[in-house]
Amino acid sequence: MRQFKDKISSQRSANFLKNKDEKKHNTSNNYSIASLSPNSSDENEVRQEETGDKRRSRNRIKNRNQNKQHYRGRQGNQGNRSPNHSPNSSSRKTATDLPPRAQYLALDCEMVGVGPLGQKSSVACVTVLDWHGGLLFNSHIKQTEPVTDYRTFVSGITEKNLETATMTLEKCRGIISQLIYNRILVGHALDNDLALLDIAHPWWMTRDSATYEPFMRTRHDGFLWPRKLKELAIEKLKKEIQIAGRPHSSYEDALAALDLYKSVRVEWEGNMKSKIQNVNSLHYPLLYSNYKEQMERDYIRLAREQQQYFIRNPLLQRIQ
C-alpha cells in the first residue's frame, strides 16, 4: 500500500515538472515571437504606416468636401446678387486701379463759320461738365470776325446768342486750361475742340470716343473710321440726341460722351494703361520725353493768361 502511494506521488511529481517545463517553453516561445523576432518591428511600422496613410486619405477627402461646399456656397451668393451688380466695378483690385472720379471732366465745343462761305470754324460755345454731369463752365464766345454761317442746324447757335456774348476766346482759353490741367478729359472729337481753343493736352489724359477703337467702324479698305456721336448714343446708350428740328446742345453732347466712357470705363482704362506701358518700355523714350517737355512749355505759356484772368474771375473761385 505504501509502495502504491509512493508510486502515485512520484508520478504526480513527474507530471508537475513536465507541465512546468512545457509552460516555461511556451512562454519563452511567445516572447521570442512577439518581441524578439527581427521582422516584428517592421511589421508594426508597416501597420502604423498603413494607419497613417488611411488617416491622411480621410483628411484629404474631408477637406475636399469642405472646399466643394464652400465653393457652392459662394456660387449661390453670387447667383443672389442684383442684376445691376458688376463684378468689375465691385472688385477691390479694379476699384483701386481706376482713377478717381473727381479727376474726370467732359468738354464739348460748338462752332460757327467765319470767312468766305463760312468755311473757317470759330469757337462759339464751350461747355465743361464734371463726372456727375454737373455744369462747371458754359459760355458763348464773343467773335472777333464776322460770322458768315451760324451752322444752327448743327451747332444750335443763333445770331442772338452771340450778340450778348462777352467772354473772349483768350479769357475762355485761360479758364479751360486751368480746369482741365492734370485732369482726364472726356469728349467726342476732342482734337478739333482743343485745336480751335489752342490748348494742348496730353494724349494719356484724353478719352476721345471718336478715336476709341471699339467705338470705331472698319471701312472697306480695312482702316478704322470715327462714328458720329449720335449713332454711338443710340447703339451703346439707347438714348437719342441731336434730334432733327431741335437745336443741338453742347451740354447734351458732352454728357453723351461722358456716358459712353462710363459704359466701358474698365476696358478703356486697361487699354490706356497698356499704351502708356508700351510708350515707356519700347523704343519711344525720346518721343515721350519731348512730348512731356512740350506739354510743360504749353502750360507755362497758358499760366501767364491764367494769372491775368483767374485772380479777377469770380466764376473760377466759385468752381474751385
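**Close-up views of a predicted model**

**View 1. Arg151 and the residues around it.** Beyond its neighbours within four places in sequence, Arg151 touches Met111, Val112, Gly113, Gly118, Gln119, Lys120, Ser121 and Gly156. Everything shown here and in the views below comes from a predicted model. Arg151 itself sits in the loop that runs between β4 (147-149) and α5 (152-155). Take Gly113 as one of the partners: 38 residues separate Gly113 from Arg151 in sequence, while their C-alpha atoms are 7.0 Å apart in space.

**View 2. The charge of Arg151.** Is Arg151 buried or exposed? With a relative accessible area of 19%, Arg151 counts as buried, because the cut-off for that class is under 20%. Arg151 nevertheless has no salt bridge. Look for Asp149, the nearest side chain of opposite charge, which is 4.4 Å away from Arg151. That distance does not qualify as a salt bridge, because the nitrogen and oxygen atoms must be within 4 Å.

**View 3. Lys120 paired with Glu145.** Lys120, already met as a contact of Arg151, has a salt-bridge partner in Glu145, with an N to O distance of 3.4 Å. Lys120 belongs to strand β2 (residues 120-129) and Glu145 to the loop between β3 (135-140) and β4, so their pairing ties together parts that lie 25 residues apart in sequence. Both side chains are partly exposed: Lys120 has a relative accessibility of 47%, and Glu145 has a relative accessible area of 36%. This pair belongs to a set of nine salt bridges in the structure.

**View 4. Arg219 with Asp221.** Here the closest N and O atoms of the salt bridge between Arg219 and Asp221 are 2.8 Å apart. Arg219 is partly exposed at 28% relative accessibility, and Asp221 is also partly exposed, with a relative accessible area of 37%.

**View 5. A network of salt bridges around Arg227.** Which residues make up this network? Salt bridges link Arg227, Glu231, Glu235 and Lys236. Within the group, Arg227 and Glu235 come together with their closest N and O atoms 2.5 Å apart. Arg227 is buried, its relative accessible area being 17%, whereas Glu235 is partly exposed at 37% relative accessibility.

**View 6. The largest pocket.** This pocket holds about 650 Å³ of space. Its lining is made by 20 residues, and those nearest the centre are Val154, His188, Ala189, Gln242 and Asp253. Two or more lining residues come from each of β1 (104-114), α5, α8 (190-197) and α9 (229-237). β1 is the biggest contributor, with four residues. By class, the lining of the largest pocket has seven nonpolar, five polar and eight charged residues.

**View 7. The second largest pocket.** How much space lies in the second largest pocket? The volume is about 310 Å³. Around this space stand 16 lining residues, with Asp191, Trp203, Thr206, Asp208 and Thr211 nearest the centre. The elements giving two or more residues to this lining are α8, β6 (206-208) and α11 (265-281). The largest share is that of α11, at four residues. Seven nonpolar, four polar and five charged residues make up the lining of the second largest pocket. If you move between the two pocket views, keep an eye on α8: this helix gives two or more residues to the lining of the largest pocket and also to that of the second largest.

Technical notes:
Residues are numbered from 1 along each chain as its sequence is written. This is a predicted model: local features need pLDDT of at least 70, side-chain atom pairs count only at pLDDT 80 or more; totals for chains, interfaces and linings use all residues. Side-chain values use heavy atoms; hydrogens and water are left out. Buried means under 20% relative accessible area, exposed over 50%, partly exposed in between (1.4 Å probe, protein chains only). Lys and Arg count as positive and Asp and Glu as negative; His and the chain ends are not counted. Contact means heavy atoms within 4.5 Å. On a 1 Å grid over the protein atoms alone, a cavity is a set of points where a 1.4 Å probe fits but cannot get out, and a pocket is an open set with protein on both sides within 12 Å along at least five of seven lines; lining residues have an atom within 4 Å of a point. Grid points are joined across faces, edges and corners, and a volume is the space filled by probe spheres set on the points. Ala, Val, Leu, Ile, Met, Phe, Trp, Tyr, Cys and Pro count as nonpolar, Asp, Glu, Lys and Arg as charged, and the others, Gly among them, as polar.
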